[in-house]
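Hi everyone, thanks for coming. I'd like to walk you through one structure today, so let's put it up on the screen.

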Amino acid sequence: MKLTGKVAVVTGGLRGIGHAIAVAMAEEGADLLIAGRSLDRAAQTEQEIEALGRRCVVVQADVADETAVKGMIAHTAQHFGGLDILVNNAGIAPFKPIDEFTTAEFARVLDVNLKGPWLCAKHALPLLRRRGGAIINITSAASKGGLRQLTYALAAEFGPHRIRVNAIAPGVIVTERLGEQPSVEAESTAREIARTPLRRLGLSADVAKAAVFLACDDACYITGTTIVVDGGAMAVW
Ligand SMILES: NC(=O)c1ccc[n+]([C@@H]2O[C@H](COP(=O)([O-])OP(=O)(O)OC[C@H]3O[C@@H](n4cnc5c(N)ncnc54)[C@H](OP(=O)(O)O)[C@@H]3O)[C@@H](O)[C@H]2O)c1
């Protein structure tokens, strides 16, 4: 059990990669506060985590909304009395060609994928610095280039408070949402697998294992870096 006694906040933790990270952290002993937008999976996720013997609180929070983020952190303090791990996982990636993308949609992507993690880090800082901790940002995609740089800037600023800040850059990870994208057809999936050195697409659990590692004391001298979880795809690009 690598995270016994720790409290983790996972944004977008009710489905996909975030859900796998939340469950993996609970399996390692962490209590969870999960922030989601739609709460249809809230009860199911709470039960799943409580069945592991851990506590789980789900709150509705849009990470691009500062008031909601403040509320999320206030709930964490109220229910758990502290915070050790923040996983900035919530993100959106509308699959559209640029000429179909509106300026408002582009602004929303930046708000959720870049401003959101910044807001969460900013408001989590007072709790995190009380006992040290770890922030893990899930990157990839254009807006996430900014998030990678934010990871490095926060690592420099938060390091003296004993807060490590790292990123995970997933490759193509199979989730329900990915399967719904029209661009993800059998042919392109086969191509993706063929060009990936490990000859398979990623699973949410692959990303979750990296997140547990970055959150736990095994990574105590690792900050300001990115772990690429892509089966080697980037190495052969
Ligand atoms: N899957 C991949 O291949 C892949 C590759 C590289 C990077 N990533 C990144 O990994 C992260 C998770 O991806 P995923 O594939 O698991 O995505 P997903 O299945 O779409 O799940 C994303 C989660 O984030 C939540 N969310 C979205 N916008 C939010 C907001 N403004 N505030 C709070 N929660 C919000 C969603 O809630 P709702 O369901 O209520 O909308 C959902 O629970 C994302 O940041 C994504 O960019 C994924």
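Before anything else, some vocabulary: Ala, Val, Leu, Ile, Met, Phe, Trp, Tyr, Cys and Pro count as nonpolar, Asp, Glu, Lys and Arg as charged, and the others, Gly among them, as polar. With that sorting, the shell around the ligand divides into 10 nonpolar, nine polar and six charged residues.

Keep in mind that we're looking at a predicted model, where local features need pLDDT of at least 70, side-chain atom pairs count only at pLDDT 80 or more, and totals for chains, interfaces and linings use all residues. Residues are numbered from 1 along each chain as its sequence is written, and side-chain values use heavy atoms, with hydrogens and water left out.

Okay, the ligand. It's surrounded by 25 residues, where being near means having a heavy atom within 4 Å of the molecule. The closest are Arg15, Arg37, Ser38, Asn89 and Ile173.

Now some polar contacts, meaning pairs of N or O atoms within 3.5 Å. Arg37 has a polar side-chain atom 2.3 Å from a ligand oxygen. For Arg15, an N or O atom of the side chain is 2.6 Å from an oxygen atom of the ligand. With Ile17 the partner is a polar backbone atom, 2.7 Å from a ligand oxygen.

How much of the ligand's accessible area does the protein cover? That's 91% of the 890 Å² the ligand has on its own, using the Shrake-Rupley method with a 1.4 Å probe. The elements giving two or more residues to the shell are α1 (16-27) and α4 (103-131); helices here are DSSP runs of H or I, at least four residues, numbered from the N terminus.

On to the helix packing. Axes are lines fitted to C-alpha atoms over the stretch in contact, and angles run from 0 to 180 degrees between N-to-C directions. Take α1 and α2 (residues 42-50): they pack at about 25°, axes 9 Å apart. So α1 is roughly parallel to α2, a label for angles under 35 degrees.

Then there's α8 (residues 204-215), whose axis comes within 8 Å of that of α1, crossing at roughly 50°. That makes α1 oblique to α8, oblique being whatever is left after roughly parallel, roughly antiparallel (over 145 degrees) and roughly perpendicular (65 to 115).

Terms used
A polar contact is a pair of N or O atoms within 3.5 Å; within protein, one must be able to donate a hydrogen and the other to accept it, and residues adjacent in sequence count only if both atoms are side-chain atoms.
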